[in-house]
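Subject: Structure for you to look at

Hello,

Here is the structure I said I would pass on. Please open it and keep it beside this message while you read.

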Amino acid sequence: MRRFLLFALVLGVFARLSAQTFTVSFPAARSAKPLDGRVLLLLSNDPGDEPRMQIDDTPRSQMVFGTTVDGWKPGTPLTVTDAADGYPVRKLSDVPPGDYTVQVVLNLYETFYRGNGTTVKMAPDRGEGQHWNLAPGNLMSKPRKIHIGPGAPAVSVQLDEVIPPITPEPDTKYVRHIRIQSELLTKFWGAPMFLSAIVMVPEGFDTHVDARYPLMIFHDHFASSFNDFRETPPDANLKPDYSERFHLAGYNRIQQQEAYKNYQQWIAPGTPRVLIVKLQHANPFYDDSYAVNSANVGPYGDAIETELVPAIEQKFRGIGQGWARFLYGGSTGGWESIAVQMFYPEHYNGAFIACPDPVDFHAYMTTNLYKDDNMFFLPGANKRVEQPAMRDYLGHTLISVRDNVAYEAALGDHGRSGEQFDIWQAVFSPVGKDGYPQSIFDKQTGAIDHKTAEYWRQHYDLNAILQRDWTKLGPKLQGKLHLYVGSDDTYFLNDAVYLMEDFLKQTGTPGHGVPYDGEVKYGPRAEHCWNGDPTKPNAYSRLHYNQMYLPQIIERMEKTAPKGADLTSWRY
């Protein structure tokens with residue numbers, strides 16, 4: 001046995017010592033100037049697609065190894081070593097021997113000299129919604145087959161291709177676009193910054209020129225169109241796919257079918273004529289700003305409320321008053337809907353909040369940021385229990401917090417991954433000494449910084465803010481908060497909603513101000529992102545956001561509109 005173990009150890013050392021090296025370079029034809037960015041070396045044993053399309057936080061993910069470059073000169077080889085951050089394999093030398101497809105992408109950074117005096121290098125959004133594998137201008141190599149193992153030759157990769165520009169979506173009869181330069185964000189970032197929106201206009205918009213319309217903002221991740229709206233019947237020749245998320249065959253066909261139903265309902269007589277808006281506010285940190293003011297991301301809340309929304313209502317004839325504006329959305333959009341309603345309480349008349357990101361940091365997914373000491377592990381008397389970040393509908397762990405953080409670390413350091421934990425940190429944290437967001441926890445050890453957590457509590461713990469300010473906020477929010485979440489939410493987001501509900505139930509009792517007069521509902525056994533419809537499974541209800549809250553919205557407007565308000569011009 002001892003001889004066998006010694007032999008295995010020697011083999012392992014030999015395999016590491018004899019593993020081939022990886023070098024990467026780019027030609028001057030692609031850039032004559034030195035470049036900054038994140039080099040992402042990708043390895044895949046799945047021939048189904050390019051490696052750059054196979055990196056994610058699910059068990060299906062292929063391998064990525066990331067390293068940051070500053071002033072990388074054309075024609076200069078860069079050796080990718082074990083110092084690169086790897087996921088799901090931590091070190092390049094630990095990749096098992098075998099046949100792989102290799103591809104490399106350079107996610108380009110630009111230097112921002114920000115108005116707060118800090119200088120940061122970030123990947124600006126280039127119209128794709130902060131997806132490094134799709135970002136126009138990023139350099140990449142052609143995928144090619146290689147072998148990894150003892151005696152295999154060194155691998156040299158040329159970044160001789162570039163991701164092409166994105167063709168803008170054209171306006172249609174029902175779907176229009178608007179884009180403005182934000183003065184507030186341009187001043188903050190020290191470079192031109194833009195806000196955009198996709199606007200679904202009602203039937204008769206171009207002929208009923210005297211009508212003024214209520215505004216409904218559908219908060220979501222970055223979207224280039226209304227994917228749940230289709231003016232033509234479903235494609236009879238569409239090859240059916242399978243949805244792992246919903247365990248449904250032919251889900252692509254279902255999506256087309258439901259999108260066409262949405263169109264038919266939109267143009268039908270009797271449908272309330274309103275404006276539905278999806279905001280586009282991708283930024284150097286993420287595909288979405290969280291629609292609030294932030295020390296790191298910028299004054300997106302004020303920019304949206306004082307620059308973009310007025311521009312939308314002016315161009316598309318919105319009523320332009322708080323009683324006729326509403327918010328809804330799920331996940332990130334759910335958090336935004338309640339946060340915007342709270343931070344700008346008189347700008348909107350109601351928020352329909354589905355599966356929101358953590359609304360109480362006592363339940364930051366599976367962690368209590370105020371009492372727990374570590375994000376990765378639950379400590380026991382003689383062991384540590386690894387904490388999950390995602391589960392399936394049967395409760396199986398799909399990724400741990402530690403692995404989820406490693407995934408983000410591979411994509412970018414200094415909070416530049418463009419992923420979930422990093423954007424929460426960017427939005428909620430103060431600026432760190434290096435100009436990047438102050439870390440809420442150590443990405444290597446998981447140790448939580450409780451001083452930073454206290455900053456989060458004061459500024460962005462929505463339940464803490466409600467409790468602290470209910471005397472002032474309560475009268476402005478009465479009847480406006482509607483929360484929905486599945487009891488088995490994939491990301492454990494229901495736990496924070498339970499805590500918020502505990503407080504909301506107290507409102508209206510002696511010493512707790514006015515009653516909130518809203519609702520909190522749970523979908524039994526429902527995953528992310530249940531949105532409050534008990535009559536349809538989540539796979540279907542998520543395709544009908546733009547219709548499902550309309551009856552409550554109309555009723556709310558009729559009850560609360562001020563005397564003389566326009567309740568008729570848009571009812572044709």
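On the other side of helix 13 from its buried residues, P551 and K559 are exposed. Before going further, please note that this is a predicted model.

Helix 13

Which residues of helix 13 are buried? Helix 13 runs over residues 550–560, and its buried residues are L550, I553, I554 and M557. They cover an arc of only 95° around the axis, so they sit on the same side of helix 13. Several elements help to cover these buried residues: strand 15 (215–219), strand 21, strand 22 (351–354) and helix 12 (545–548) are among them.

Helix 10

Helix 10 is made of 13 residues, 494–506. At 1.5 Å a residue it should span 18 Å, and its end C-alpha atoms are 19 Å apart, which agrees. The buried residues of helix 10 are N494, A496, V497, M500, E501, F503 and L504. Because they cover an arc of only 170° around the axis, they too lie on the same side of their helix. The cover over the buried residues of helix 10 includes three strands, namely strand 25 (388–391), strand 27 (481–486) and strand 28 (519–523), and also helix 5 (332–343) and helix 9 (462–477). After helix 10 comes G508, which has a positive phi, near 90°.

One residue to pick out here is F503, found in helix 10. Is F503 buried or exposed? Its relative accessibility is 8%, and buried means under 20%, so F503 counts as buried. Apart from neighbours within four places in sequence, F503 is in contact with N463, L466, Q467 and W470. F503 and G129 are 374 residues apart in sequence, and their C-alpha atoms are 36 Å apart in space.

Two more buried residues

S25 is in strand 1, which covers residues 22–25. With a relative accessibility of 9%, S25 counts as buried. What does S25 touch, not counting residues up to four places away in sequence? The list is W72, G75, T76, P77, V157, Q158 and L159. S25 and D160 are 135 residues apart along the chain, and their C-alpha atoms are separated by 8.8 Å.

S541 is in helix 11. Its relative accessibility is 0%, so S541 counts as buried. Leaving aside neighbours within four places in sequence, S541 is in contact with N531, D533, K536 and M548.

Backbone points to check

A few places in the backbone are worth finding on your screen. The peptide bond joining Y87 and P88 is cis, with omega about -10°. P88 is in the loop between strand 5 (85–87) and strand 6 (98–108). Another cis peptide bond runs from H528 to C529, and its omega is near 15°. C529 belongs to the loop between strand 28 and helix 11 (538–541).

R525 also lies in the loop between strand 28 and helix 11. R525 is not a glycine, yet its phi is positive, about 60°. R317 is likewise a residue other than glycine with a positive phi, in this case near 60°. The place of R317 is the loop between helix 4 (300–315) and strand 21 (325–330). Which of the two is buried and which is exposed? R317 has a relative accessible area of 15% and is buried, whereas R525 has 66% and is exposed. The cut-offs behind those words are under 20% for buried and over 50% for exposed.

The second largest pocket

Rolling a probe the size of a water molecule over the atoms shows where empty space is left. How much space lies in the second largest pocket? The value is about 790 Å³. This pocket is lined by 32 residues, and those nearest its centre are D125, R126, G127, R179 and S196. Strand 7 (110–113), strand 13 (175–181) and strand 14 (194–200) are the elements that give two or more residues to the lining. Sorted by class, the lining has 16 nonpolar, ten polar and six charged residues.

A good place to begin is helix 13, where you can find L550, I553, I554 and M557 among the buried residues and then turn to P551 and K559 on the other side.

Regards

Notes: Residues are numbered from 1 along each chain as its sequence is written. This is a predicted model: local features need pLDDT of at least 70, side-chain atom pairs count only at pLDDT 80 or more; totals for chains, interfaces and linings use all residues. Side-chain values use heavy atoms; hydrogens and water are left out. On a 1 Å grid over the protein atoms alone, a cavity is a set of points where a 1.4 Å probe fits but cannot get out, and a pocket is an open set with protein on both sides within 12 Å along at least five of seven lines; lining residues have an atom within 4 Å of a point. Grid points are joined across faces, edges and corners, and a volume is the space filled by probe spheres set on the points. Helices (H or I, at least four residues) and strands (E, at least two) are DSSP runs, numbered from the N terminus. Ala, Val, Leu, Ile, Met, Phe, Trp, Tyr, Cys and Pro count as nonpolar, Asp, Glu, Lys and Arg as charged, and the others, Gly among them, as polar. The expected span of a helix is 1.5 Å times one less than its number of residues. Buried means under 20% relative accessible area, exposed over 50%, partly exposed in between (1.4 Å probe, protein chains only). The arc is that of the directions from the helix axis to the C-beta atoms. Contact means heavy atoms within 4.5 Å.
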